[in-house]
Amino acid sequence: MSIVYDRQENLLTLTTENTGYQMCIDELGILRHLHYGSRTGAQDMSYQIIDFDYAFSGNPIQYRRERNFSLDILPQEYTSFGVGDFRLNSVAVINADGSRAAQFHYVSHEIRKGKYAIPELPASYDNGDEAETLIVTLRDEVTGLTVKLHYGVFEKLDIITRYAEICNDGKAPVTLEKAASLCLDLPHGNWDLMHFWGKHAMERQPERQPIGHCITTVGSTRGTSSHQQNPFIIVCDHEATEDHGDCYGMMLAYSGGFKAELENSQINSVRAVMGIDDTYFSWKLEPGQSFHTPEVILSFADGLTALSHNYHHFIRHNVCRGKHHLEKRPVLINNWEATYFDLNEDKMYALAKEAAALGIDQFVLDDGWFGARYDDNAGLGDWFVNYDKLPNGLDSLIEKINGLGMKFGIWVEPEMVNEDSDLYRAHPDWALSAPDRTPTFGRNQLVLDMSNKDVVDYLYGCLSTLLKEHNIAYIKWDFNRSVCDVYSHALPADRQGEVSHRFVLGLYNLLDRLTTEFPDVLFEGCSGGGGRFDAGMLYYTPQIWLSDDTDAIERLIIQGGTSYGYPVSTMGAHVSAAPNHQTGRTTPINTRGIVAMSGAFGYELDLTKLPESDKEAIRIQIQRYHQDEVLIHQGSYYRLTDVTKGYYTAWQIVSEDKSKSLVNLVITSPQPNPEPLHIRFKGLDPNANYHIEESDKVISGAALMNGGYTYPVMHGDYPAMQLHLSVRS
Ligand code: DGJ
């Protein structure tokens with residue numbers, strides 16, 4: 001049993017293979033947080049909270065208690081509001097009488113088999129007997145506002161999930177101005193924050209910094225999880241490395257704006273609060289209504305690698321769903337960087353023909369096939385074929401591509417509209433825009449009001465017709481701008497603070513309907529590259545286009561940064577042209593292939609213009625990828641170098657039974673007088689002997705891990721090398 005209630009001490013203890021989490025209900029009914037970290041068994045961890053005189057100037061004492069009691073220093077599971085805990089709060093409320101207070105006390109708890117689901121929101125799932133659920137109910141007696149804290153405990157996976165259901169069990173409306181998914185008071189320590197910042201074409205750059213005595217916020221106010229920050233943070237011991245040290249992961253399964261806050265308080269204790277972005281948020285709860293926060297996926301591990309492994313496994317098996325998430329993925333050819341908007345049937349067929357000859361499995365027709373879409377000024381919203389570019393319609397092209405033995409996929413950007421579109425001319429009020437103000441354009445487009453059910457139903461109609469009428473095996477779902485002018489013409493003034501979250505609920509509703517009705521279709525997420533790369537989207541789309549930067553050297557950082565939280569099977573990665581269209585850099589085809597192969601693999605360049613030598617290299621790459629795909633997507637991933645430092649990057653993948661491994665190395669900047677490189681491998685069986693295909697050497701796992709491997713000197717522009725290891729008996 002992973003959840004145990006100790007009636008005597010009023011303790012609730014959650015246990016996983018390597019971690020323990022504990023809370024207690026104190027004599028006042030406050031739900032105190034006692035521990036999260038390495039396992040501490042059934043030990044009552046409340047001994048850590050000792051009494052001390054706290055009643056000096058400025059510090060509040062609640063409940064007319066002794067000088068040694070204050071909520072302001074007490075570790076708690078989910079805070080009250082406005083009653084003297086001045087640290088980060090879990091909720092903010094405005095009651096019907098205008099007061100801003102909520103004081104939560106324990107009411108009851110319940111332990112259930114299995115994993116909870118969350119109405120209207122993505123949530124991780126249990127594959128049968130993997131999880132237990134704890135629900136602790138807290139209530140504010142004055143207003144009846146009730147919080148049901150949900151905990152999902154995945155014992156074998158070292159994962160604990162959390163979300164809060166906030167119900168108005170009172171008689172008057174309550175307005176929520178903040179509703180966090182997580183409040184976590186960490187043990188005393190010397191903590192660093194790792195977060196993943198970026199911009200368009202430069203997503204998820206890892207950055208690590210000490211948590212100072214201040215509030216540090218990582219978040220997005222852009223209506224999407226964003227290129228600029230990712231809803232995944234790591235709090236780790238200042239000394240923690242890839243291999244050792246206390247590491248906490250906090251990942252929000254949400255695709256809209258978010259906020260992760262960390263406060264190191266006056267008593268040197270760090271509180272983490274994570275949830276939807278509250279900058280423009282307010283949500284009116286009428287009596288009887290509930291609000292559900294998105295889910296936070298927590299993990300604790302010894303070392304960053306072990307933490308990544310927990311998330312990789314969990315996202316692959318317990319977040320991504322459907323027919324494709326554990327299946328081999330098709331190798332794609334996407335026409336975007338080959339032709340951009342300048343597409344027609346002949347060009348597409350020529351590209352597909354070349355791709356089929358090289359062994360590529362699926363053709364993807366990107367932006368430009370619909371409406372009056374000749375550039376990015378027009379057409380979004382009109383999901384009907386452009387007969388000027390494709391005079392014989394979609395089916396003619398699809399049939400020809402299918403005739404080559406390839407599947408067909410197509411690009412859409414459903415949540416957007418151009419002013420120059422039939423949809424906008426018919427429904428200008430379906431775009432988000434504040435009354436009497438000129439809306440802000442991004443890439444010449446406006447954002448549809450996904451909080452409006454009519455809009456969602458309309459899009460469902462268009463997309464389901466597209467999928468029903470044509471033989472489409474794959475959808476690339478794009479989203480190319482940040483959201484502002486957040487105003488819905490379908491909601492009253494006092495509900496406008498709900499629009500951002502209702503937008504995300506509308507998106508999830510649409511994705512849910514389509515992925516349920518078309519289970520055979522593989523959906524790939526995208527947002528101007530990787531601007532919506534999060535566990536919420538991964539619930540519907542098991543792979544997401546990682547970045548619009550396809551330069552292999554830049555990709556090493558983007559893929560490496562993403563790997564802290566997300567598995568390679570989720571990362572759409574393509575070989576593109578040289579010189580690269582984003583950076584102008586020329587890298588060898590071998591290097592481009594090796595980098596893109598650590599992902600959901602594909603090509604995105606004009607194959608018809610390639611020299612025969614590149615085509616031959618591609619043929620070999622595809623054969624190799626098919627041989628290695630199971631290892632790459634299902635193996636354990638090790639970062640052998642820090643992707644932000646040094647002149648080379650190396651990473652390794654080891655099969656679950658340790659019988660196979662793939663080690664990848666890329667030289668990222670040329671060195672004068674280069675010396676041989678020595679790298680220690682990881683994750684191998686120390687007692688096994690490994691044959692290294694490329695050097696035809698047999699070396700023991702212990703030697704490769706403790707002594708290392710010496711690479712030959714590699715000259716030239718950005719050379720790369722793959723080593724295939726297999727156990728030799
Ligand atoms: C942004 C995507 O990331 C690209 O791959 C491409 O699909 C363009 N949008 C099309 O407009």
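This briefing describes a ligand site, a strand barrel with helices lying across its strands, and a group of antiparallel strands. The structure is a predicted model, and residue numbers count from 1 along the chain as its sequence is written. A closed barrel of 8 strands is present, with parallel pairing, and a ligand is surrounded by 13 residues.

**The ligand and its surroundings**

- Among the 13 residues that surround the ligand, the closest are Asp366, Asp367, Lys476, Asp478 and Asp548.
- Sorted by class, the shell around the ligand consists of 6 charged, 4 nonpolar and 3 polar residues.
- Oxygen atoms of the ligand are approached by two aspartates: a polar side-chain atom of Asp548 lies 2.4 Å from an oxygen atom of the ligand, and a polar side-chain atom of Asp366 lies 2.6 Å from an oxygen atom of the ligand.
- Asn480 faces a nitrogen atom of the ligand instead, with a polar side-chain atom at 3.4 Å from that nitrogen.
- The ligand taken alone exposes 300 Å², and the protein buries 98% of that area.

**The barrel and the helices across its strands**

- The closed barrel runs in the order S21-S22-S23-S26-S27-S28-S29-S30, and its 8 strands pair in the parallel sense.
- From one strand of the barrel to the next, the twist averages 30°.
- Within the barrel, strand S29 (residues 571-576) and strand S30 (residues 600-604) are paired in parallel over 5 bridges, and Val575 stands opposite Tyr603 in S30.
- Helix H10 (residues 589-597) lies across S29 and S30, and runs at about 170° to S29.
- Helix H4 (residues 393-403) lies across strand S22 (362-365) and strand S23 (407-412), and the angle at which this helix runs to S23 is about 140°.

**The antiparallel strands S35, S36 and S38**

- Strand S35 (residues 689-692) and strand S36 (residues 697-700) run antiparallel and are joined by 4 bridges, with Ile692 standing opposite Lys697 in S36.
- These two strands, S35 and S36, form a hairpin with 4 residues between them, and Asp696, which lies in the turn, has a positive phi of about 55°.
- S35 also pairs with strand S38 (residues 720-727), in the antiparallel sense and over 3 bridges, and in this pairing Ser726 in S38 is the bridge partner of His691.
- Strand S35 is therefore described here with two partners, S36 and S38, as each pairing meets the requirement of at least two bridges between the strands.

Note on methods
Predicted model: local features only at pLDDT ≥ 70, side-chain atom pairs only at ≥ 80, totals over all residues. Heavy atoms only, no water. Near = heavy atom within 4 Å. Polar contact = N/O pair within 3.5 Å; in protein donor to acceptor, adjacent residues only side chain to side chain. Areas by Shrake-Rupley, 256 points an atom, 1.4 Å probe, with all protein chains shown as cover. Nonpolar A, V, L, I, M, F, W, Y, C, P; charged D, E, K, R; others polar. Axes fitted to C-alpha atoms, helices over the stretch in contact; angles between N-to-C directions. Contact = heavy atoms within 4.5 Å.
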